[in-house]
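Welcome, and please take a moment to look over the sequence and the model before reading on. The paragraphs below walk through the structure step by step.

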Amino acid sequence: MRLVLPGPRPTARDVEGLCARLVRLYEGGATAVVCDAGAVTAADLATVEALARLRLAARGRPFRVTGAGPPLRALLDLVGLVELLGEAEQGEPAGGVQEGVQAGDAAP
């Protein structure tokens, strides 16, 4: 399922409606929701807050952001929410990738 973030930046009123729609999508049987942030051209911390609230509304169910421009990507990385983009953090393996174990490595 798809949810679209309005541009140039979502307002507090938008976020309330988006969270309600997201919950309805999951209640209606959606197993994963993709949030399209392509219209966001004025990324700021309010936009990051909107995405964080949507993530909370997803309640651990699959929720991913696509279409984020470089400014929004940088902000999400800065606040530790880069995983919403479905990309690995710098120095981290991509999701579902198991790191190799070398002979002689200490057990975790």
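**A walk through the fold**

Let us begin at D36, which sits in strand 2. What you are looking at is a predicted model, so every value here is computed from its atoms. D36 has a relative accessible area of 18%, and because buried means under 20%, D36 counts as buried. Which residues does D36 touch, leaving aside those up to four places away in sequence? They are R2, L3, V4, L5, T66 and G67.

One of these neighbours deserves a closer look. The side chain of D36 makes a polar contact with the side chain of R2, at 2.4 Å. The two side chains also meet in a salt bridge, with the same 2.4 Å given from N to O. This pair links distant parts of the chain, since R2 belongs to strand 1 and D36 to strand 2, 34 residues apart.

With that starting point in place, step back to the whole chain. It has three helices and three strands. In what pattern do they follow one another along the sequence? Reading along, you meet β-α-β-α-β-α. The chain has 108 residues, and 30% of them count as buried. Among contacts with a separation of 6 or more, 71% are between residues 24 or more positions apart. On the outside, the chain exposes about 6,800 Å², and carbon and sulfur atoms supply 53% of that area.

Now move to helix 2, which covers residues 45–58. This helix has 14 residues and reaches 20 Å from its first C-alpha to its last, close to the 20 Å expected at 1.5 Å a residue. At its start, a side-chain oxygen of D44 comes to within 3.2 Å of the backbone nitrogen of A46. Just after the helix, R59 takes a positive phi of about 50 degrees.

Which residues of helix 2 are buried? They are T47, V48, A50, L51, L54, A57 and A58. If you follow these buried residues outward from the helix, you find them packing against many other elements: strand 1 (2–4), helix 1 (12–27), strand 2 (33–36), strand 3 (63–66) and helix 3.

T47 makes a good example from this group. T47 lies in helix 2, and its relative accessibility is 0%, so T47 counts as buried. Not counting residues up to four places away in sequence, T47 touches L5, R9, P10, V40, A42 and L72.

Two of the residues you have just met, R9 and D44, come together in another salt bridge. How many salt bridges does the structure hold? There are three, and the R2 and D36 pair described above is one of them. In the pair formed by R9 and D44, the closest N and O atoms are 2.8 Å apart. R9 lies in the loop between strand 1 and helix 1, and D44 in the loop between strand 2 and helix 2, so this salt bridge ties together parts that are 35 residues apart in sequence. R9 counts as partly exposed at 38% relative accessibility, and D44 counts as partly exposed at 23%. D36, by contrast, counts as buried at 18%.

A further salt bridge takes you back to helix 2. Here the side chains of R55 and E83 meet, at 2.8 Å from N to O. Because R55 lies in helix 2 and E83 in the segment after helix 3, the pair ties together parts that are 28 residues apart in sequence. R55 has a relative accessibility of 37% and counts as partly exposed. E83 counts as partly exposed too, at 30%.

Finish your tour on the surface. Which residues make the nonpolar surface patch of about 310 Å²? The patch is made by L45, L78 and V79. V79 lies in the segment after helix 3, a helix that covers residues 70–78. With 38% relative accessibility, V79 counts as partly exposed.

Methods
Residues are numbered from 1 along each chain as its sequence is written. This is a predicted model: local features need pLDDT of at least 70, side-chain atom pairs count only at pLDDT 80 or more; totals for chains, interfaces and linings use all residues. Side-chain values use heavy atoms; hydrogens and water are left out. Helices (H or I, at least four residues) and strands (E, at least two) are DSSP runs, numbered from the N terminus. Buried means under 20% relative accessible area, exposed over 50%, partly exposed in between (1.4 Å probe, protein chains only). Contact means heavy atoms within 4.5 Å. Accessible areas come from the Shrake-Rupley method with a 1.4 Å probe; for residues, only the protein chains shown count as cover. Patches are made of residues with over 30% relative accessible area and no salt bridge: like charges are joined within 9 Å, nonpolar side chains (Val, Leu, Ile, Met, Phe, Trp, Tyr) within 5 Å. A salt bridge is a side-chain nitrogen of Lys or Arg within 4 Å of a carboxyl oxygen of Asp or Glu. The expected span of a helix is 1.5 Å times one less than its number of residues. A polar contact is a pair of N or O atoms within 3.5 Å; within protein, one must be able to donate a hydrogen and the other to accept it, and residues adjacent in sequence count only if both atoms are side-chain atoms.
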